[in-house]
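Biologist: Could we go through this structure together? I would like to begin with the helices and then turn to the packing.

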Amino acid sequence: MSTLAVKISAWQDTRARFAPYAGIPLRLIVGYGFLAHGLAKWFKGPEVFAGILHATGVPLPHLMAWVTIATEIVAGIAFLIGAFVPLVSFPATILLAVAIFTVHLPYGFSSIKLLSVNNGRAQFGPPGYECDLLYIASIIALALIGPTPWSVDRYRSLHSPQHKLLNN
């Protein structure tokens, strides 16, 4: 066997061995992002976020502020620990889609718009919908990948009655 064929075979073996772990960094960054955004809104006060929602024309801004904060915190924790990922994926994706259409769409695709540099500090314009789309794509990937190692969902699947029936 040629050296190239051996290297390709070794790479395929390595990929197969580590493929189940590929979703873990994705799960952690999505979870951290959702949790960080939810906690930021919580600590600034739901009333402040409700004011922003009101200014953008979102109906029932106080209720939607609480729904958004709760969704971000619960989904963030769920993604971080890998618990009920398919279940929390739906409201998380809806939240991101609403953010795209109510806030980010008028600013275009790019999330980074360098306007100027003053005293060595970059000044940026309003973010577009790029990051929201990246989150949505990541969430869809996580839901399709299924439970990753070191996740609550993996633990639950290994201890489910269906798993026990299949392995007997």
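Modeller: The following exchange concerns a predicted model.

Biologist: What span does helix 2 have, and how many residues?

Modeller: Helix 2 covers residues 23-44, which is 22 residues. From its first C-alpha to its last it reaches 32 Å, close to the 32 Å expected at 1.5 Å a residue.

Biologist: What follows helix 2?

Modeller: Gly-45 follows helix 2, and its phi is positive, near 110 degrees.

Biologist: Which residues of helix 2 are buried?

Modeller: The buried residues are Gly-23, Ile-24, Arg-27, Val-30, Gly-31, Gly-33, Phe-34, Leu-35, Gly-38 and Lys-41.

Biologist: And what do the buried residues of helix 2 pack against?

Modeller: They pack against helix 3 (46-55), helix 4, helix 5 (85-104) and helix 6 (130-145).

Biologist: Lys-41 is on that list of buried residues. Which residue forms a salt bridge with Lys-41?

Modeller: The partner is Glu-72, and the closest N and O atoms of the pair are 3.0 Å apart. Glu-72 lies in helix 4 and Lys-41 in helix 2, so the salt bridge ties together parts that are 31 residues apart in sequence.

Biologist: Is Glu-72 buried or exposed?

Modeller: Glu-72 is buried, with a relative accessible area of 9%. Lys-41 also counts as buried, because its relative accessibility of 16% falls under the 20% cut-off.

Biologist: How many salt bridges does the count come to?

Modeller: The count comes to two. Besides the pair just described, Asp-153 forms a salt bridge with Arg-156, with the closest N and O atoms 2.7 Å apart.

Biologist: Where are Asp-153 and Arg-156 placed?

Modeller: Both are in helix 7 (residues 152-158), three residues apart, so about one helical turn separates them. Asp-153 counts as buried at 8% relative accessibility, whereas Arg-156 counts as partly exposed at 38%.

Biologist: Back to helix 4, then. What is Thr-68 in contact with, leaving aside its neighbours within four places in sequence?

Modeller: Thr-68 is in contact with Lys-41, Phe-49 and Leu-95. Thr-68 has its place in helix 4, residues 61-81, and counts as buried at 9% relative accessibility.

Biologist: Is Leu-63 buried, partly exposed or exposed?

Modeller: Leu-63, which is also found in helix 4, counts as partly exposed at 49% relative accessibility. It belongs to a nonpolar patch on the surface, formed by Leu-60, Leu-63, Met-64 and Val-67, with about 350 Å² of accessible area together.

Biologist: Now the interior. Which residues of the largest nonpolar core touch the most other members?

Modeller: That core has 15 residues, and those touching the most other members are Val-30, Phe-34, Ala-75, Phe-79, Ala-92, Leu-96 and Ile-139. The elements giving two or more residues to this core are helix 2, helix 4, helix 5 and helix 6.

Biologist: Which helix gives the most to this core?

Modeller: Helix 5 does, with six residues.

Biologist: And what is Ala-92 in contact with, again leaving aside neighbours within four places in sequence?

Modeller: Ala-92 is in contact with Phe-34, Thr-71, Ala-75, Phe-79 and Ile-139.

Biologist: How many residues are in the other core?

Modeller: The other core, which lies apart from the largest one, has five residues, among them Phe-49, Ala-50, Leu-53 and Val-58. Phe-49 is also one of the residues in contact with Thr-68.

Definitions and conventions: Residues are numbered from 1 along each chain as its sequence is written. This is a predicted model: local features need pLDDT of at least 70, side-chain atom pairs count only at pLDDT 80 or more; totals for chains, interfaces and linings use all residues. Side-chain values use heavy atoms; hydrogens and water are left out. Helices (H or I, at least four residues) and strands (E, at least two) are DSSP runs, numbered from the N terminus. Buried means under 20% relative accessible area, exposed over 50%, partly exposed in between (1.4 Å probe, protein chains only). Contact means heavy atoms within 4.5 Å. The expected span of a helix is 1.5 Å times one less than its number of residues. Patches are made of residues with over 30% relative accessible area and no salt bridge: like charges are joined within 9 Å, nonpolar side chains (Val, Leu, Ile, Met, Phe, Trp, Tyr) within 5 Å. Accessible areas come from the Shrake-Rupley method with a 1.4 Å probe; for residues, only the protein chains shown count as cover. A salt bridge is a side-chain nitrogen of Lys or Arg within 4 Å of a carboxyl oxygen of Asp or Glu. A nonpolar core is a set of buried Ala, Val, Leu, Ile, Met, Phe, Trp, Tyr and Cys residues joined through side-chain atoms within 4.5 Å.
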